[in-house]
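Please look over the sequence and the model below before reading on. The paragraphs that follow begin with a question and then lead through the chain step by step.

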Amino acid sequence: MKYFSRSPEDWKRSDEEKERRERERRNRIRRRVNFIVVVNLAIVIFLFFFTKAFFTSRPEGVAGQFQIVISSKESYLPNEPLDISVKVYNRERRKGKLVLEDFYSL
């Protein structure tokens, strides 16, 4: 039984074809990675600049530039004096005016 090999030109063409396919595969991977990086960068930039506009996370008791903190005990017995403190904090550097109207306790 004889073994017939290809000619050197056929081997060269075969090697060039394999190399071309490998180069195309690497280029496809690079394009995918670049696309993922660009999309992630766009998402980060969007979230960095626009989260305050869409997702305002204000703590409880915030009214404009002021934060009102009311602290008291959990429960009181009848005829026991209430020990409640109300603190108002200005959350911004500018001066402001706060007017409390119809303040009552439930």
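How many aromatic pairs does the count come to? The structure to be searched is a predicted model, and in it the count comes to 2 aromatic pairs. In one of them, the ring centres of Phe 46 and Phe 50 lie 5.2 Å apart and their planes meet at 35°, so this pair is classed as tilted. Because Phe 46 and Phe 50 are 4 residues apart in helix H1, which covers residues 8-54, about one helical turn separates them. Neither ring needs to be sought in a buried place, since Phe 46 is partly exposed with a relative accessible area of 40%, and Phe 50 is partly exposed as well, with 41%. The rings of Phe 48 and Phe 49 also form a pair, with centres 5.1 Å apart and planes at 85°, so that this pair is edge-to-face. Phe 48, at 63% relative accessibility, counts as exposed, and Phe 49 counts as exposed at 57%; the limit that both values pass is 50%.

With these rings located, the helix itself can be followed. Helix H1 has 47 residues, and the distance from its first C-alpha to its last is 67 Å, which is close to the 69 Å expected at 1.5 Å a residue. Along its course H1 nevertheless has a kink of about 40°, and the residue on which this kink is centred is Phe 48, a member of the edge-to-face pair with Phe 49.

The wider plan of the chain can now be set out. The chain holds 1 helix and 3 strands, and when it is read along the sequence the pattern is α-β-β-β. Of its 106 residues, 5% count as buried. Among the contacts in the chain with a separation of 6 or more, 33% come from residues 24 or more positions apart.

How are the strands arranged? The 3 strands make an open sheet in the order E1-E2-E3, with antiparallel pairing. E1 and E3 stand at the edges with a single partner strand each, so one side of each is left without a neighbour in the sheet. Strands of a sheet pair through backbone hydrogen bonds, in either a parallel or an antiparallel way. Between E1 and E2, which run antiparallel, there are 2 bridges, and here Ala 63 stands opposite Phe 66 in E2. E2 and E3 are likewise paired in the antiparallel sense, over 6 bridges, and within this pairing Val 69 is found opposite Lys 87 in E3.

The turn from E1 to E2 deserves a slower look. This hairpin has 2 residues between its strands, and Gly 64 takes a positive phi near 70° there. Gln 65 also lies in this loop, between strand E1 (62-63) and strand E2 (66-71). Is Gln 65 buried or exposed? Because its relative accessibility is 7%, Gln 65 counts as buried, the limit for that class being under 20%. Residues further along the sequence touch Gln 65, and leaving out those up to four places away they are Tyr 89, Asn 90, Arg 91, Glu 92, Arg 94, Lys 95 and Gly 96. With one of these, Arg 94, the side chain of Gln 65 makes a side-chain polar contact at 2.9 Å.

The loop between E2 and strand E3 (85-90) holds Asn 79, and here the accessibility is of another kind. At 85% relative accessibility Asn 79 counts as exposed, and its phi is near 65°, a positive value in a residue other than glycine.

Beyond that loop the chain enters strand E3, where Ser 85 has its place. Ser 85 is partly exposed, with a relative accessible area of 29%. Apart from neighbours within four places in sequence, Ser 85 is in contact with Val 69, Ile 70 and Ser 71. Although Ser 85 and Ser 71 are 14 residues apart in sequence, their C-alpha atoms are 5.4 Å apart in space, and their side chains make a polar contact with each other at 2.5 Å.

Methods
Residues numbered from 1 in each chain as written. Predicted model: local features only at pLDDT ≥ 70, side-chain atom pairs only at ≥ 80, totals over all residues. Heavy atoms only, no water. Buried < 20%, exposed > 50% of the residue type's maximum accessible area, 1.4 Å probe, protein only. Polar contact = N/O pair within 3.5 Å; in protein donor to acceptor, adjacent residues only side chain to side chain. Contact = heavy atoms within 4.5 Å. Pairing = 2+ DSSP bridges. Phe/Tyr/Trp six-rings, centres within 6.5 Å; stacked < 30°, edge-to-face > 60°. Expected span 1.5 Å × (residues − 1). Bend = angle between axes of the 7 residues up to and from the residue.
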